[in-house]
Amino acid sequence: MARGRFITFEGGEGAGKSTQVRRLVARLDAAGIEVVATREPGGSPGAEAIRALVLTGSADRWSPITETLLMYGARRDHIERTITPALERGAWVVCDRFADSTRAYQGGAGDVAPELIAALETHVLGTVRPDLTLVFDLPVDVGLARAEVHAKASGHAETRFESKGLAFHERLRTAFRQIAAAEPERCVLVDAAGTIETVESDVWTAVSDRLHPHG
Ligand SMILES: Nc1ncnc2c1ncn2[C@@H]1O[C@H](COP(=O)(O)OP(=O)(O)O)[C@@H](O)[C@H]1O
Ligand SMILES: [Mg+2]
C-alpha cells in the first residue's frame, strides 16, 4: 500500500480552515479515498489534553517559548498515534493546523527563536512533513469578526489566541504569508475572503493539481 498524502490547513483565526477541512474531506471521501480528518493542537487523546491547557485561560498564561514546547509535545503524540499510522496504511490525512502554526504564532508573532523551532521540526517532526499546505489569507479584522460570530453562535468561549490584540494578529498574517512565499513547492496561498463555495473550489483545484486524487 502506498503511503497516504498529508494535507495541512493554516492561517489566522476565523479564516475558514475548519469549514474547508470538512468540505475537502467530503470530496476526498466521494473520490473513494480513505481520509482521516484531524486537528492541532490535539488529534490524539494526549494531545487533546494539552490542547485544553494551551487554548484556555488568560492570554499571558504561557510564554511563547513554553507554548512552543507544549505544542511540540502535543504534536509528537499526534504524529505517533494518529498521523503516522494513518499515512502508513495509505489513508490521506487532512489536518486543521500543523507545524506552520508554531512558526507563525510562537515564532513570527511571539518572537521565539527560529533556530529553536527549526530544531524541533528536525528532531520532532522528522520525515513527517505535509505534501501540501493551504495557507488561508484574509484581512485580520474580517477573520476576527468571523471568529467572534462563530464563538457566540456555537457557545464557545474565545481562545487565548483570539483574545490577543490586533497587532499580534497582523504579525501572524505576515508570518503565514512569508511561509507560503518561502515554500511555494509545498504551500498554496488561498484567498480566504471569498464565499465558502469559491474557497472550496480553490482548495479543490490546488489539491487536484498537486496531489491528483483521481490517480
Ligand atoms: N468564506 C467564508 N465567508 C464567510 N464566512 C465564512 C467563510 N468561511 C467560514 N465562514 C464562517 O466563519 C466562521 C469561522 O470559520 P471557521 O471555518 O471556523 O474558521 P477557522 O477554523 O479558520 O477559525 C464560521 O462561522 C464559518 O461559518
Ligand atoms: Mg477552526
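Q: What makes the link between Ser18 and ligand 1 a polar contact?
A: In this predicted model, an N or O atom in the side chain of Ser18 is 2.8 Å from an oxygen atom of ligand 1. The cut-off for a pair of N or O atoms is 3.5 Å. The value of 2.8 Å falls within that limit, so the pair counts as a polar contact.

Q: What makes Ala15 a polar partner of ligand 1?
A: A backbone N or O atom of Ala15 lies 3.1 Å from an oxygen atom of the ligand. That is within 3.5 Å, so this pair also qualifies.

Q: Which atoms bring Arg146 and ligand 1 together?
A: A polar side-chain atom of Arg146 is 3.2 Å from a nitrogen atom of ligand 1. The protein covers 76% of the 560 Å² of accessible area that ligand 1 has on its own.

Q: Where does ligand 1 sit, and what surrounds it?
A: Ligand 1 occupies the largest pocket. Two elements each give two or more residues to its shell: α1 (17-30) and α6 (140-154). Helix α1 supplies the largest share, 3 residues. In total, 13 residues surround the ligand, and the closest are Gly14, Lys17, Ser18, Thr19 and Gly194.

Q: Why is His78 called buried?
A: Its relative accessible area is 0%. Buried means under 20%, so His78 qualifies. The residue lies in helix α3 (residues 64-88).

Q: How do you know that the side chain of His78 makes a polar contact with the side chain of Thr38?
A: The distance is 2.8 Å. The limit is 3.5 Å, so the pair is within range. Thr38 is also among the residues that His78 touches beyond four places in sequence, a list including Arg39, Glu40, Ile83 and Cys95.

Q: Why is Asp77 called buried, with a relative accessible area of 15%?
A: The threshold is under 20%, and 15% meets it, so Asp77 is buried. Asp77 lies in helix α3. Setting aside residues up to four places away, Asp77 touches Ser44, Gly46, Ala47 and Thr82.

Q: What is the geometry of the peptide bond from Glu40 to Pro41?
A: The bond is cis, with omega near -15°. Pro41 lies in the loop between β2 (35-39) and α2 (45-55).

Q: What is notable about phi of Arg97?
A: Phi is near 80°, a positive value in a residue other than glycine. Arg97 is in the loop between β3 (92-96) and α4 (99-108).

Q: Why does Arg97 count as buried?
A: Its relative accessibility is 12%. That is under 20%, so the label holds for this loop residue.

Q: Why does Asp111 count as exposed?
A: Its relative accessibility is 56%. Exposed means over 50%, so Asp111 passes. Asp111 is in the loop between α4 and α5 (114-125). Its phi is positive, about 70°, although the residue is not a glycine.

Q: Why does Leu134 count as buried?
A: Leu134 has 0% relative accessibility. The cut-off is under 20%, so Leu134 is buried. The residue is found in strand β4 (residues 132-137).

Q: How far apart are Leu134 and Val207 in sequence and in space?
A: They are 73 residues apart in sequence and 9.1 Å apart in space, C-alpha to C-alpha. Contact is judged on heavy atoms within 4.5 Å. By that test, Leu134 is in contact with Val207. Other contacts of Leu134 outside its neighbours within four places include Ile7, Phe9, Val188 and Val203.

Methods:
Residues numbered from 1 in each chain as written. Chains lettered and ligands numbered in written order. Heavy atoms only, no water. Helix = DSSP H or I, 4+ residues; strand = E, 2+ residues; numbered from the N terminus. Buried < 20%, exposed > 50% of the residue type's maximum accessible area, 1.4 Å probe, protein only. Polar contact = N/O pair within 3.5 Å; in protein donor to acceptor, adjacent residues only side chain to side chain. Near = heavy atom within 4 Å. Areas by Shrake-Rupley, 256 points an atom, 1.4 Å probe, with all protein chains shown as cover. 1 Å grid on protein atoms, 1.4 Å probe; cavity = no way out; pocket = protein on both sides within 12 Å on 5 of 7 lines; lining within 4 Å. Sits in = over half its atoms within 2 Å of the grid points.
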